[in-house]
Structures are given as C-alpha cells and as structure tokens.
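Here is a short briefing to read with the model open beside you. Take a look at the structure first, and then we can walk through some of its details together.

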Amino acid sequence: MAVNLDWGNLGFGYIKTPYRYVARYKDGKWSEGELTADDKIVLTECAGVLQYAQTAFEGLKAYTTKDGKIVTFRPDLNAERMEQSAARLEIPIFPKEKFLEAVDKVVAANREYVPPYGSGATLYIRPFIFGSSAVIGVKPAQEYEFRMFCTPVGPYFKGGIKPISIRVSDYDRAAPHGTGHIKAGLNYAMSLYAIVDAHEKGFDENMYLDAATRTYVEETGGANFIFVTKDGKVVTPKSDSILPSITRRSLCYVAENILGMTVEHRPVRFEEVKDFAECGLCGTAAVISPVGKIYDHGKEVCFPSGMTEMGPVTKKLYDTLTGIQMGRIPAPEGWIREIK
Ligand code: PLP
Ligand code: COI
C-alpha cells in the first residue's frame, strides 16, 4: 500500500524515503553492498568528489502499472551508461549486475513510495558514484562510494505537459572531446549559472548549441531534443558531446518500429529548426515536454503546435512511451524489469 502523499501535486523535488543502497570501493574491490536507513554521508574534507568533482550519476524511474505491478524501464541501459561515465572519470566500474540488483532492492524496500497507477507521479531513482578518499594533487581517488536513493516525483516542468519556452544559451555546456556524452556531475555544475539566468528571464530551459561552431543543436541542461518535420518524420540531433538519452533512443525505436514513422538521427543545424512542425525535450525526468517557443537573441521560433497543447506526433510518441512504461501497451523484449 502506498503512503499517503498528495501524488497529483508532487513537483520534481526530494522527499526522503526510508532506504538507500551503498557499496564501497577500497583496496581495489567493491564491498558486497547493502541497504541502509542512514541518508547521511560522512567524508574527509579532502574527498575527490569535493575537491575535483570526481562524480557521475544516473536517473531512472519505477512505475506502478495498470495491473498493479511495480516495474523499472530499461535499467540495464542506465547501468551501461554509468560504466561509460565512470571510465571517463577514472572511477572504478560498478558492475552492471550489481547495479540492477541495487535498483531491485531500493525500489522493493521503498515500495510504499512508488506512486499509484494513474496518479501522474513516478518514483525517481538516483544512482551516483564518487571519489571518497583524500586527494590533493590532481589525480583519481583511491576509494569510492556507489549509492542509490529514490524519491517520488511529479513533472519536471511546472505545468506538467504544457508547452514550455526555452532560449538559445550564450553559455556552452560541453566542449568537443569533453564530457558532454557522459553523466558527470561537472556538466550540471557548469549549467547552473545559465539555468538561473534563463529562469530569471522567464525561460524554462536553455538550448545549447555546439560549442565549436554554434551552428548545430545539441541539447538542454537535462534532456535531448526531438523534432518532427512538417511531413511527419522524427529528427533527433546527433553529436558526440550530448548525453545518449535512453528516452530518446526508446522513442526513436517506438517511432520506427511501433508507429511506422521515418526517423533521422543526424546533425541538426539551428537554422533548420524554424522549419520543424513540433519540438520536444525528452529524458527520464522530462518524459517528453513539448517546446512551444525558442527565443534566439531577439528572434523567436514559434512552432505551429503552439503554446497550449502538445503537437499531435509528440502526443502519439508520449502516449506510446508512457503506455509501455505503465503496462497499457506491450513492451519490446527486455524493456521492462519487474520488481518482485
Ligand atoms: N541529456 C541530459 C543532459 C540529461 O541530464 C538527461 C537526463 O538523464 C538526458 C539528456 C536524458 O537522458 P535519459 O533519457 O537517459 O534520462
Ligand atoms: C534525468 O532525466 O534523469 C536527469 O538526470 C535530468 C536531471 C536534470 C534531473
């Protein structure tokens, strides 16, 4: 039985739940890993994470399905992406099988915090890994922690699935050959100034362009882009410096194999954005958030789908993806992992 929360009015915030998972790396190996009720972390003041931001994280969700099961969506891909993030940050790999076991344990231990079917809320799961031992010269730590907590959340953007307005950022998020393709904490630290500035100016998010030429669309601070052409094709930007979104990869599969649409994953020039019929942000937190308007230094791109509703193709993609996640539509093989 779920605890008594106002599920329909949850924002995207942190609510402490009873259990989290922790494993520690020392002397070249990971500890067994266990659940704990203690949400506090005690660290040396000189920990690698505190001094040189040696940390990466993940984000995935658990859902209550129509028939009352609790499931997670493609957690194997989060485990693999965390391996890639760890490798790039000189963090020891946390094994995929252990990652999946941790997801199962954390969700099961907090099952009364998984929002009920149809409530509009979900359980957001946050795995993270960081250097915990002291480093003062710039080098990787010797010891690490892998942790995972969960928190019930509502929509990432206020207003739920109402179209948002974003602006082209004057700040860059990720350099060519940098860390944009992994989920490093540092990518988010450097986006904070730009997001505060965007919010102050009345925008919901930043659209980042490629740092080298500022001609290609990259992504936002927390989601990939998905565009729809006037003749109904799905187009998603390809770049080595954006995060390979699991939601975007799943949506492209859904569009092509379930909805029979044409999908193009290719570099997208900002110039061509004005010609698209629909635009959305996709990610675990964002699900698909429709974009109604993009502000670019005094000019505006207004999508024909407008500022009141999701465009029809975005809606079809949204309904199919959330239908799969909530058990209304059969899932492709291996996409759903049931929590027993
Ligand atoms: N891009 C960035 C920068 C993100 O932080 C996220 C969120 O995880 C995404 C894209 C979407 O990725 P996913 O669909 O795997 O959640
Ligand atoms: C996610 O969608 O899981 C993310 O990590 C995005 C984050 C900005 C909340």
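## A residue to start with

His177 counts as exposed, because its relative accessibility is 80% and the cut-off for exposed is over 50%. Its place is in the loop between strand 9 and helix 4 (185–189). The phi angle of His177 is near 65°, which is a positive value in a residue other than glycine. Please keep in mind throughout that this is a predicted model.

**Backbone angles**

- For context, most residues other than glycine have a negative phi.
- Besides His177, Arg74 is not a glycine either, and it has a positive phi of about 50°.
- Arg74 belongs to the loop between strand 6 (70–73) and helix 2 (75–88).
- Is Arg74 buried or exposed? With a relative accessibility of 14%, Arg74 counts as buried, because the limit for that class is under 20%.
- The two loop residues therefore fall into opposite classes, with His177 exposed and Arg74 buried.

**Ligand 1 and its surroundings**

- There are 17 residues around ligand 1, and those that come nearest are Tyr188, Glu219, Ser245, Thr247 and Thr284.
- By class, this shell holds five nonpolar, eight polar and four charged residues.
- Which elements each supply at least two residues of the shell around ligand 1? Helix 6 (246–258) and strand 14 (278–283) both do so.
- Glu219 places a polar side-chain atom 2.5 Å from a nitrogen atom of the ligand.
- Thr247 has an N or O atom in its side chain that is 2.5 Å from an oxygen atom of ligand 1.
- From the backbone, a polar atom of Ala223 is 3.5 Å from a nitrogen atom of ligand 1.
- On its own, ligand 1 has 380 Å² of accessible area, and the protein covers 97% of that.
- The space that ligand 1 takes is the largest pocket.

**Ligand 2 and its surroundings**

- Ligand 2 also sits in the largest pocket.
- The residues around ligand 2 include Phe12, Phe57, Tyr124, Arg126, Lys183, Thr284 and Ala285.
- Thr284 is thus among the residues around ligand 2, and it is also one of those that come nearest to ligand 1.
- The shell around ligand 2 divides into five nonpolar, three polar and two charged residues.
- What is the distance between a polar side-chain atom of Tyr124 and an oxygen atom of ligand 2? That pair lies 2.6 Å apart.
- Ala285 brings a polar backbone atom to 2.8 Å from an oxygen atom of ligand 2.
- Thr284 has a backbone N or O atom that lies 3.5 Å from an oxygen atom of the ligand.
- Of the 280 Å² of accessible area that ligand 2 has on its own, the protein covers 90%.

**Strand 3**

- Glu34 and Thr36 are both found in this strand, with Glu34 placed in strand 3 (residues 34–36) and Thr36 in strand 3 as well.
- Glu34 is partly exposed, because its relative accessible area of 49% lies between the 20% and 50% limits.
- Thr36 has a relative accessible area of 19% and is therefore buried, as the limit is under 20%.
- Although Glu34 and Arg20 are 14 residues apart along the chain, their C-alpha atoms are separated by 8.3 Å.
- Thr36 and Phe12 are 24 residues apart in sequence, and the space between their C-alpha atoms is 24 Å.
- Phe12 is also one of the residues around ligand 2.

**Two more charged residues**

- Arg167 sits in strand 9 (residues 164–168).
- With a relative accessible area of 7%, Arg167 is buried.
- The side chain of Arg167 makes a polar contact of 3.0 Å with the side chain of Asp197.
- Glu143 is in the loop between strand 7 (122–131) and strand 8 (144–153).
- Glu143 has a relative accessible area of 29% and so is partly exposed.
- How many residues apart in sequence are Glu143 and Lys26? They are 117 residues apart in sequence, while in space their C-alpha atoms are 5.1 Å apart.

Terms used
Residues numbered from 1 in each chain as written. Chains lettered and ligands numbered in written order. Predicted model: local features only at pLDDT ≥ 70, side-chain atom pairs only at ≥ 80, totals over all residues. Heavy atoms only, no water. Near = heavy atom within 4 Å. Polar contact = N/O pair within 3.5 Å; in protein donor to acceptor, adjacent residues only side chain to side chain. Areas by Shrake-Rupley, 256 points an atom, 1.4 Å probe, with all protein chains shown as cover. 1 Å grid on protein atoms, 1.4 Å probe; cavity = no way out; pocket = protein on both sides within 12 Å on 5 of 7 lines; lining within 4 Å. Sits in = over half its atoms within 2 Å of the grid points. Helix = DSSP H or I, 4+ residues; strand = E, 2+ residues; numbered from the N terminus. Nonpolar A, V, L, I, M, F, W, Y, C, P; charged D, E, K, R; others polar. Buried < 20%, exposed > 50% of the residue type's maximum accessible area, 1.4 Å probe, protein only.
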